Amino acid sequence: MPDRPVVLGHVSGLFGVKGWIKVYSYTRPAANLIEYEDWLIGRQDAWRPFRVIDAREQGKTLIAQIAPGDESPLADRDAAAALIDFEIAVERDQLPEPEPGEYYWFDLVGLDVVNRDGTELGRVKAMMETGANDVLVLQGDRERLVPFVVGEIIDEVDLKAGRIVADWDPEF
């Protein structure tokens, strides 16, 4: 959904006593999340704007000092603790446009997948990273795993039509 915030991580804990938070990033590389100056923190349709005052990698963790809206930064550990387990999102228009033939995973989730004959294989319910390539996790008459290899297995991705065409045998 184009107007819905894009979740890129979540608040995973606290850092120190001055209101800093630990952040778990879903981006690759993880530090990409702290490049955004404006975050939305919340859940589902209840988002609150925050400004990133300072952020950095701290070992294998990301930490950030944030401020709600135009207010002062979170003052202490208790204020930051109220945000633990909340999601961190950005507005869709903050993201760079993907290169041709590249797609954001969140754009693929929910698309219908058919093979070249038009046989329905299922709907993308999730994406999975395997190391070799990304994989579409399809929900349909049964769960299917289809490698997301554009040009070899994936013939077409039509985001407007909500459909992916794959060279895939429905028996697999």
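# Reading the labels on this chain

Q: How much area does the chain expose, and what share of that area do carbon and sulfur atoms supply?
A: The chain exposes about 10300 Å², and carbon and sulfur atoms supply 48% of that area. The structure is a predicted model, and this value, like those that follow, is computed from its atoms.

Q: What is the order of helices and strands along the chain?
A: Read along the sequence, the pattern is β-β-β-β-β-α-β-α-β-β-β-β-β-β, made up of 2 helices and 12 strands. Along its principal axes the C-alpha trace spans about 60 × 30 × 30 Å, and buried residues account for 38% of the 172 residues.

Q: Why is Val146 called buried or exposed?
A: The label buried requires a relative accessible area under 20%, and Val146 has 0% relative accessibility, so Val146 counts as buried. Val146 lies in strand 10, residues 144–147. Leaving aside residues up to four places away in sequence, Val146 touches Val135, Leu136, Leu138, Ile153, Ile154 and Trp168. The C-alpha atom of Val146 is separated by 30 Å from that of Gln94, 52 residues apart along the chain.

Q: Why is Asp107 given the label buried or exposed?
A: Asp107 has a relative accessible area of 16%, and therefore is buried, the cut-off for that label being under 20%. Asp107 has its place in helix 2, residues 105–108, and touches Arg92 and Leu159 when residues up to four places away in sequence are not counted.

Q: Why does Gln44 count as buried or exposed?
A: A residue is exposed when its relative accessible area is over 50%, and Gln44 stands at 58%, so Gln44 counts as exposed. Gln44 lies in the loop between strand 3 and strand 4.

Q: What makes the phi of Gln44 worth a second look?
A: Gln44 has a positive phi of about 45° although it is not a glycine. Most residues other than glycine have a negative phi. The residue belongs to the hairpin of strand 3 and strand 4, which has 2 residues between the strands. Asp85 also has a positive phi in a residue other than glycine, near 75°, and Asp85 lies in the loop between helix 1 (77–81) and strand 6.

Q: How do you know whether the peptide bond from Arg28 to Pro29 is cis or trans?
A: The omega of the bond from Arg28 to Pro29 is near -5°, and the bond is cis. Most peptide bonds are trans. Pro29 is found in the loop between strand 2 and strand 3.

Q: What makes strand 3 and strand 4 a pair?
A: Two strands pair if there are at least two bridges between them, and 6 bridges join strand 3 to strand 4, which run antiparallel. The bridge partner of Trp39 in strand 4 is Phe50. Strand 3 also pairs with strand 6, in the antiparallel sense, over 3 bridges, and there Ile41 stands opposite Ile88.

Q: How do you know that strand 11 and strand 12 pair?
A: Set against the requirement of at least two bridges, strand 11 (residues 154–158) and strand 12 (residues 163–166) pair over 4 bridges in the antiparallel sense. Asp158 stands opposite Arg163 in strand 12. The two strands form a hairpin with 4 residues between them, and Gly162 in the turn has a positive phi of about 70°.

Q: Which residues touch the most other members of the largest nonpolar core?
A: A nonpolar core joins buried residues of nonpolar types through side-chain atoms within 4.5 Å, and the largest has 23 residues, of which Ile21, Val23, Trp39, Ile41 and Ile66 touch the most other members. Among the elements that give two or more residues to this core are strand 1 (6–15), strand 2 (20–25) and strand 6 (87–90), and strand 1 gives the most, with 4 residues. Not counting residues up to four places away in sequence, Val23 touches His10, Ser12, Leu33, Trp39, Leu62, Ala64 and Ile88. Apart from this core lies another, of 17 residues, among them Val124, Leu136, Leu138 and Ile153.

Q: How many positive and negative side chains does the chain have?
A: The chain has 18 positive and 33 negative side chains, and the centres of the two sets lie 6 Å apart.

Key. Residues numbered from 1 in each chain as written. Predicted model: local features only at pLDDT ≥ 70, side-chain atom pairs only at ≥ 80, totals over all residues. Heavy atoms only, no water. Buried < 20%, exposed > 50% of the residue type's maximum accessible area, 1.4 Å probe, protein only. Areas by Shrake-Rupley, 256 points an atom, 1.4 Å probe, with all protein chains shown as cover. Lys, Arg positive; Asp, Glu negative; His and termini not counted. Charge placed at Lys NZ, Arg CZ, Asp CG, Glu CD. Contact = heavy atoms within 4.5 Å.
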